[in-house]
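User: Could you take a close look at one part of this protein for me? I'd like to know what packs against what there, told in plain words.

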Amino acid sequence: MRPSSRTARRPDPAGWEAAVDDDQLTALALAAREGRAADVEAFVRATQRDVWRFVAHLTDVQSADDLAQETFLRALRSLPGFAGRSSARTWLLSIARRTVIDRYRTAAARPRCAALPDWQEAAERQSIPPTAGFEDGVALGDLLDRVPAQRREAFVLTQVVGLSYAEAAEVAGCPVGTVRSRVARAREELIARLRAAEAGDVSAPAPSAELAAVC
C-alpha cells in the first residue's frame, strides 16, 4: 500500500510536533514506508515544522505552504524506496530543496499563468496562516531575505533547522568546508545588516533567490 497524498495536507500549526532527533525520525520514516495511515501521519507531523521553515526562508512565507505541500507529496511517493542510508531529515530536506529549485526554474521558463495542481488546491482549502507562536523569527527572516541565496540556505539548514554541517552539505550537494564558509559569511552579513538596521540604513539590495548554481 502506497502512502495517501491526503496525509500531506497542512494542519493547524498549533498541532505541529516539536522536533525529534534523527534516529527517531528515521525510524518513523522506515515505519511509514508500508503506507499505514497512522505511521505516515506520524512522520509528516514530526517533519512538517522543519520543512515549512526551510522553504519559507528560501522563498517567502506566502509560498511556503504550497512548497511544503509539494515536498511532502514528492516525499510520500518516494517513501517506499527510502532505505535509511542517510537520515530521514536530510533525505526530506533534499527533496524540499529540489522542490524550491524546480519552482524557480518553472517560474523562469513559463509565462505568468499555469494550471493549479491538486496539491495547491488542497493547501488552499486548508489555508491557515502561521501563528506568531510558531514562526517567531520574523526579524531574522527579514534580514535573511537580503543574504545571498546559497549562504542563506546554509545558514538556515545549520542554524535554524539544526542540521550538522555534514548533513547540510549533503542536502546542498556541496563540500562541508563550503557550507562552513557560507554559514560564516552569512553570519557576518547578518551582523552587519542588523547593525545597519539599528542605524536606520535599509538601503542594502536584496539578492537573487536562485539556488541552482554549481558549488
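The part I'm after is the last helix, H9, and what meets it: which residues of H8 and H7 are in contact with H9?

Analyst: Sure, let's start with the ground rules and then work inward. This is a predicted model, so local features need pLDDT of at least 70 and side-chain atom pairs count only at pLDDT 80 or more, while totals for chains, interfaces and linings use all residues. Residues are numbered from 1 along each chain as its sequence is written, and side-chain values use heavy atoms, with hydrogens and water left out.

For the setting, the protein has nine helices and zero strands. Those terms refer to DSSP runs numbered from the N terminus, with helices (H or I) of at least four residues and strands (E) of at least two. Of the 215 residues, 43% count as buried, where buried is under 20% relative accessible area, exposed is over 50% and partly exposed is in between (1.4 Å probe, protein chains only).

Now H8 against H9. H8 covers residues 165–172 and H9 covers residues 176–198, and the two pack at an angle of about 100° with their axes 8 Å apart. The axes are lines fitted to C-alpha atoms, for helices over the stretch in contact, and the angles run from 0 to 180 degrees between N-to-C directions. H8 and H9 are therefore roughly perpendicular to each other, a label for angles of 65 to 115 degrees; under 35 would be roughly parallel, over 145 roughly antiparallel and the rest oblique.

On the H8 side you'll find Tyr-165, Ala-166, Ala-168 and Ala-169, which meet Val-176, Val-179, Arg-180, Val-183 and Arg-187 of H9. A contact here is heavy atoms within 4.5 Å. The residues of this H8–H9 contact split into seven nonpolar, no polar and two charged. In that scheme Ala, Val, Leu, Ile, Met, Phe, Trp, Tyr, Cys and Pro are nonpolar, Asp, Glu, Lys and Arg are charged, and the others, Gly among them, are polar. As for burial, the buried residues of H8 are Glu-167, Ala-168, Ala-169, Val-171 and Ala-172.

What links the two helices? Gly-173 sits in the loop between H8 and H9; this glycine follows H8 and has a positive phi, near 70°. With a relative accessible area of 59%, Gly-173 is exposed. Its C-alpha is 8.9 Å from that of Ser-94, though the two are 79 residues apart in sequence.

Next comes H7, residues 149–161, which also packs with H9 at an angle of about 100°, axes 8 Å apart. H7 and H9 are therefore roughly perpendicular to each other as well. From H7, Gln-150, Arg-151, Ala-154, Phe-155, Thr-158 and Gln-159 take part. They meet Val-179, Arg-182, Val-183, Arg-185, Ala-186, Arg-187, Glu-189 and Leu-190 in H9. This contact divides into six nonpolar, three polar and five charged residues. Val-179, Val-183 and Arg-187 turn up in the contact with H8 and in the one with H7.

So, in short: H9 is met by H8 at about 100° and by H7 at about 100°.
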